[in-house]
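The following report introduces a structure to a reader who has not met it before. Please view the sequence and the model first, and then read on.

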Amino acid sequence: MRKIWLDAYPEGVPAEINACAYASIKEMLEQSCLRFRDKIAFSNMGATITYGELDRLSCDIGAYLQARGLRKGDRVAIILPNLLQYPVALFGALRAGMVVVNVNPLYTASELEHQLVDSGATAIIVLENFAYTAERALAKIRVRHVVITQVGDLFPPLRRWLTNLVVKHVRRLVPRWTIAGAVGFREAVAQGRRSKLEDRELRADDVAFLQYTGGTTGRPKGAILTHGNMIANIEQTAAWMGGVLTEGAETVITALPLYHIFALTANLFVFLKLGGSNVLVTNPRDIPRFVTELKLTRFTAITGVNTLFNALLDAAGFARVPAANRGALKVAVAGGMAVQRTVAERWQQLMGVPLIEGYGLTEASPIVCVNPLNALHFSGKIGLPVPSTEVAILSEQGNEVDLGEVGEICVRGPQVMRGYWNAPAETAKAFTADGWLRTGDMGWMDSHGYIEFAERRKDVIVVSGFKAYPTEIEDAVMLHPGVKDAGAVGVPDPRSGEAVVLFVVKKDPALSAEAVLAHCKQHLTGYKLPRRIEFRDRLPKTPIGKILRRELKADATRSYG
Amino acid sequence: MAEYPAHLVRKHRVYDGRTVTIRPVRPDDEVLEREFLNELAGESRYLRFQKWVHAPSDKLIHFLTDIDYDRHLALVCTVPQGDHEELVGEARYVADADGRNCEFGIMIADAWHKSGIAGLLMEALIGAAQARGLATMEGQVLTRNSAMLRFARGLGFEIQPIPEDPATTRIVKRL
């Protein structure tokens with residue numbers, strides 16, 4: 001196929017990247033640690049670690065895992081928010097040859113249990129605040145090694161002691177837990193230091209991540225991402241930004257969670273390759289504190305989702321950030337969900353740089369398209385395919401449609417996953433016979449190669465960039481004995497893009513909305529929770545018994561607005 | 001209650017040499033129908049009901065098996081299994097009150113996809129609808145269910161997008 005988008009590439013962006021620039025993430029990291037030894041790699045709440053410290057600490061964690069008997073390819077689940085321990089645990093496991101399973105720490109015990117069972121993780125590294133959930137999930141499964149970390153574990157001694165004390169006893173953020181045989185993070189580092197990290201050769205086709213993503217029916221499935229997939233996407237993204245960013249001189253604000261593939265690749269990996277510094281924001285919902293941090297940091301890049309940029313623009317004091325930044329900011333990238341034009345325009349007016357929208361999905365490590373960094377204005381499109389990537393718009397029959405016509409956005413390239421873990425049928429469905437990854441997103445391409453979204457045709461609800469599947473929500477709600485029937489739909493929401501509205505038909509006449517919500521909280525993560533619960537005598541159905549989601553949606557939109 | 005339309009019973013031989021029976025459903029098929037639905041993959045059930053059906057309720061089974069053979073006609077496809085039958089597919093229509101249009105739905109056991117029984121069921125269902133004097137048959141299909149859309153196109157259905165709901169597609173056939 002002819003890559004018509006190449007003509008629209010900004011100067012300096014190559015058509016192809018070297019997908020084998022490094023044999024593995026381990027090799028890339030080791031090179032950066034050597035080259036940028038004394039530079040700050042990560043900072044968090046004012047504490048920092050340099051590339052040299054990252055090298056040493058991740059060696060220790062890797063050696064600890066190896067000494068516990070974990071072999072190459074064994075799965076290690078990391079259940080951490082954005083803290084200094086995250087990159088240490090991540091590189092520790094990867095350099096030791098293990099496969100990382102990123103877990104959303106806000107998962108409930110049953111969601112966590114599914115992910116641990118499905119991935120077959122034999123070790124977990126978890127923040128103490130979430131140990132209580134892990135304990136309940138671990139009751140039913142066998143995870144052999146548990147490392148528990150406290151928020152301040154990598155802070156300097158006095159602050160460590162103080163932070164851990166405040167988190168536990170003053171702010172009471174740590175529910176009581178007991179996990180037999182659990183080892184503290186600092187103890188694991190100390191033990192690891194006493195043994196030696198055995199060098200295990202890693203190649204491009206070795207698996208680096210099982211990265212979980214939602215499914216239309218039931219439970220999330222793990223996308224198998226190899227070292228080669230990740231290196232390719234890091235190179236593609238770095239090539240896209242190459243003309244704008246300088247090695248060893250960049251500071252990126254990392255407010256999106258690193259357990260999500262977007263920040264993992266776009267912030268952590270790309271900026272590590274460039275010898276940049278990641279400012280880890282642990283709780284971006286604490287907007288006043290986040291704004292203060294932005295005023296104190298001369299950041300040169302920031303990534304986020306529409307919801308986050310919108311919240312920042314609305315925040316008191318954010319208007320003073322540009323003055324504090326003194327023109328340092330070069331790049332602002334938004335992904336995960338559609339960017340609203342008003343948000344993009346307000347951002348550009350205030351910050352002086354456009355909000356660059358990109359598009360990707362877990363199955364493509366994740367970046368597929370990005371708008372050119374030299375764009376003068378918000379385009380409203382999801383961008384051009386990145387180097388060494390093919391994008392085709394295919395019809396239902398699998399033929400390419402004409403330019404301007406709507407079809408399914410399909411992707412081929414070195415960043416595309418190998419398949420889903422333990423799910424050959426799902427894997428088969430995800431690809432066409434010609435090896436195109438079917439994204440499930442509908443869109444069209446213009447004559448310059450820019451891609452724009454049509455309506456999403458999957459019945460998925462996108463809440464602040466996270467995908468919530470109606471079926472998963474309905475399945476969880478139906479477990480309540482007082483519920484006869486349930487239907488979940490998404491409605492437009494100014495803050496989060498979409499919000500979940502749940503319709504319930506009662507079996508038990510005494511059932512209350514509070515009881516349904518409390519039940520949901522046991523089974524579903526925050527973003528999947530209904531923003532509103534409505535009771536109905538019956539759900540709208542066709543004569544043959546199919547649910548009429550569009551009627552539910554219209555009903556929900558009326559009552560929600 | 002209308003009489004059991006015994007004239008719709010047919011036997012066919014399918015690709016692997018097995019004989020299948022296509023016949024109108026009977027009220028005493030409740031157990032077979034329940035087994036059939038329970039065995040279906042969650043995804044298949046989802047595609048049919050377009051929502052999550054955890055375990056089929058008694059009410060649903062009753063709706064599916066106790067029909068009037070007039071406004072509501074359901075054909076099942078069965079194979080002999082030891083000394084009883086196993087239900088491996090079903091197709092049905094429910095006509096509008098004015099008796100002009102009907103909506104249809106079809107489900108095939110996961111092991112019987114691509115066996116040809118879907119075509120046999122639809123052929124019989126369309127024939128019965130024509131004989132009853134219905135003018136059009138329509139269905140509501142999830143847009144991502146490309147296999148069903150392809151199948152419907154092959155049967156002469158017209159594909160009509162629903163502008164206010166891109167996740168579902170209407171398919172219509174003039175009888």
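## Chain contacts and the sheet of chain A

In this predicted model, 22 residues of chain A are in contact with 23 residues of chain B, two residues being in contact if their C-beta atoms, placed from the backbone, lie within 7 Å. On the side of chain A that touches chain B, β20 (437-445), α15 (470-478) and α17 (549-560) of chain A each supply at least two residues. The most comes from α15(A), with 4 residues. By class, this side of chain A has 5 nonpolar, 7 polar and 10 charged residues; Ala, Val, Leu, Ile, Met, Phe, Trp, Tyr, Cys and Pro count as nonpolar, Asp, Glu, Lys and Arg as charged, and the others, Gly among them, as polar.

Residues are numbered from 1 along each chain as its sequence is written, while chains are lettered from A and ligands numbered from 1 in the order in which they are written. As the model is predicted, local features need pLDDT of at least 70 and side-chain atom pairs count only at pLDDT 80 or more, whereas totals for chains, interfaces and linings use all residues.

Chain A also holds an open sheet of 9 strands with mixed pairing, in the order β2-β1-β11-β10-β12-β13-β14-β15-β16. Strands are DSSP runs of E with at least two residues, and helices are runs of H or I with at least four, numbered from the N terminus; two strands pair if DSSP finds at least two bridges between them. At the edges stand β2 (47-50) and β16 (384-385) of chain A, each with a single partner strand, so one side of each has no neighbour in the sheet. Three of the pairings are set out below.

| Strands of chain A | Sense | Bridges | Residues opposite each other |
|---|---|---|---|
| β1 (residues 40-44) and β11 (residues 277-280) | parallel | 2 bridges | A:S43 and A:V279 |
| β10 (residues 251-254) and β12 (residues 301-304) | parallel | 3 bridges | A:V252 and A:A301 |
| β12 (residues 301-304) and β13 (residues 331-334) | parallel | 4 bridges | A:G304 and A:A334 |

Both faces of β12(A) are covered: A:A301 and A:T303 on one side, and A:I302 and A:G304 on the other, are all buried, meaning that 20 or more other C-beta atoms lie within 10 Å of the residue's own.

How values were computed:
A residue is buried if 20 or more other C-beta atoms lie within 10 Å of its own, exposed if 12 or fewer, and partly exposed in between; C-beta atoms are placed from the backbone.
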